[in-house]
Amino acid sequence: MSIKNELEKSIPTSIKFTKKDRADILAKINQSPNYKYQWKPLVVSIFAVVLIGISLLPTLQTVEKTTIDSPLATTDTRDESQLVESTAIKPLPPLTEEIKKQYYAQYVKIIEEAMALKSGLNIAVGPMEDFEDEYWISPEEFKKNVQSWVKQHLATERERINNYLITPEPVITNDDGSTTKKTYMYFPDILRTVEVTGDFETQYDASHKRQLFSSVENVSTSLIKTQSGTWKQISYKTALIDDGRTFSIQIEGIFELNTIQYEKRFTIEFYCDENGKIF
């Protein structure tokens with residue numbers, strides 16, 4: 001007799017359950033799945049988020065305090081111009097009204113010197129009567145802060161413009177013989193494309209055995225029409241450098257956006273190759 005036949009005979013042809021057996025089986029089937037261990041990752045994740053939030057809270061508070069107590073700038077909603085209001089960086093002893101007037105006059109002079117750079121910033125000192133006691137700092141500290149702000153602005157300007165100049169726009173020779181070249185002007189969080197056009201003359205120089213610049217006239221500038229804001233050129237100066245191979249042109253003007261005016265001075269260079277092509 002084979003093992004297979006013996007096993008088949010040993011298996012009952014029918015199985016009978018009592019009422020109690022059937023009730024136990026149904027109870028097990030209807031019982032909810034056991035998630036004994038699946039809640040743990042969720043709780044751990046929530047706990048981690050709470051810990052991260054607690055750890056970042058001092059940093060967030062520090063950032064908020066630095067922003068509020070910044071001695072360099074707030075926005076005056078009355079005329080939307082940027083104002084410089086000094087807050088206490090180094091505590092000063094109580095100042096007399098006379099000393100306050102002297103400090104304030106020096107603040108104004110420092111701001112005027114910064115604005116004379118025509119870097120595209122629009123900064124001013126708030127009214128003296130609005131100065132709280134904690135706004136007063138030494139003129140030396142005030143100057144240091146303003147210079148730091150201007151330095152940071154110029155560094156951001158170089159970075160933003162250099163990113164665009166990686167792939168420069170082509171220089172255009174217009175139908176009237178003038179040449180147009182594009183460059184960029186930077187203001188706080190604003191970058192504008194400006195077209196610079198001039199009437200250039202070149203001539204052959206025997207000593208250099210090549211074409212060199214001889215003159216430039218009628219230098220004008222304009223913003224790309226699709227950009228918001230207006231630009232008014234005030235003046236320009238030219239300098240022939242690099243043995244006549246390059247014309248350096250310094251341009252000054254005023255950019256206006258939403259009634260706020262920014263004085264701007266920038267420099268652009270035009271080059272002449274050996275055949276007199278301008279780029």
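**Notes on the predicted model: pocket, cores and a few residues**

1. Let's start with the lining of the largest pocket, where the residues split into six nonpolar, two polar and four charged. The pocket itself holds about 240 Å³ of space. Keep in mind throughout that this is a predicted model.

2. Who lines that pocket? L165, P168, E169, V171, K181, K182, T183, T267, I268, E269, Y271 and F279 do. Two elements, β5 (179-187) and β10 (260-271), each give two or more residues to the lining. Strand β10 has the largest share, with four residues.

3. Stepping back to the whole chain: there are five helices and ten strands. Of the 279 residues, 31% are buried. The exposed surface comes to about 19,200 Å², with carbon and sulfur atoms supplying 55% of it. Among contacts with a separation of 6 or more, 54% join residues 24 or more positions apart.

4. Now the inside. The largest nonpolar core counts 23 residues, and F200, I251, F255 and F270 have the most contacts within it. The strands giving two or more residues to this core are β5, β6 (190-205), β7 (210-223), β9 (246-257) and β10. So β5 and β10 turn up both here and in the pocket lining. As background, nonpolar side chains tend to be buried together in soluble globular proteins.

5. I251 is worth a click if you want to see who sits around one of those core residues. Setting aside neighbours within four places in sequence, I251 touches V196, V219, T221, W231, Q233, S235, Y236, K264, R265, F266 and I268. One of these contacts, I268, also lines the largest pocket.

6. Another core lies apart from the largest one; it has 19 residues, including L95, Y103, W136 and V146. Y103 sits in helix α4 (residues 97-115). Is Y103 buried or exposed? Its relative accessible area is 18%, under the 20% cut-off, so Y103 counts as buried. Beyond its neighbours within four places in sequence, Y103 is in contact with L92, L95, W136, I137, S138 and P139. With P139, the C-alpha atoms are 6.2 Å apart in space, although 36 residues separate the pair in sequence.

7. Two buried residues outside the nonpolar class caught my eye. T193, in strand β6, has a relative accessible area of 16% and is therefore buried. Leaving out neighbours within four places, T193 contacts K182, T183, Y184, S222, L223, I224 and Q227; K182 and T183 are also in the pocket lining. The other residue is E157, in helix α5 (residues 139-165). E157 is buried because its relative accessible area is 14%. Its contacts, again without neighbours within four places in sequence, are S119, Y186 and K264. K264 is in contact with I251 as well.

8. Finally, some backbone geometry to check by eye. Where do the positive phi values of D189 and N258 fall? D189, not a glycine, has a positive phi of about 65° and is in the loop between β5 and β6. N258 has phi near 55°, also positive in a residue other than glycine, and lies in the loop between β9 and β10. D189 is exposed, with a relative accessible area of 70%, and N258 is exposed too, at 55%.

Key
Residues are numbered from 1 along each chain as its sequence is written. This is a predicted model: local features need pLDDT of at least 70, side-chain atom pairs count only at pLDDT 80 or more; totals for chains, interfaces and linings use all residues. Side-chain values use heavy atoms; hydrogens and water are left out. Buried means under 20% relative accessible area, exposed over 50%, partly exposed in between (1.4 Å probe, protein chains only). Contact means heavy atoms within 4.5 Å. Accessible areas come from the Shrake-Rupley method with a 1.4 Å probe; for residues, only the protein chains shown count as cover. On a 1 Å grid over the protein atoms alone, a cavity is a set of points where a 1.4 Å probe fits but cannot get out, and a pocket is an open set with protein on both sides within 12 Å along at least five of seven lines; lining residues have an atom within 4 Å of a point. Grid points are joined across faces, edges and corners, and a volume is the space filled by probe spheres set on the points. Ala, Val, Leu, Ile, Met, Phe, Trp, Tyr, Cys and Pro count as nonpolar, Asp, Glu, Lys and Arg as charged, and the others, Gly among them, as polar. A nonpolar core is a set of buried Ala, Val, Leu, Ile, Met, Phe, Trp, Tyr and Cys residues joined through side-chain atoms within 4.5 Å.
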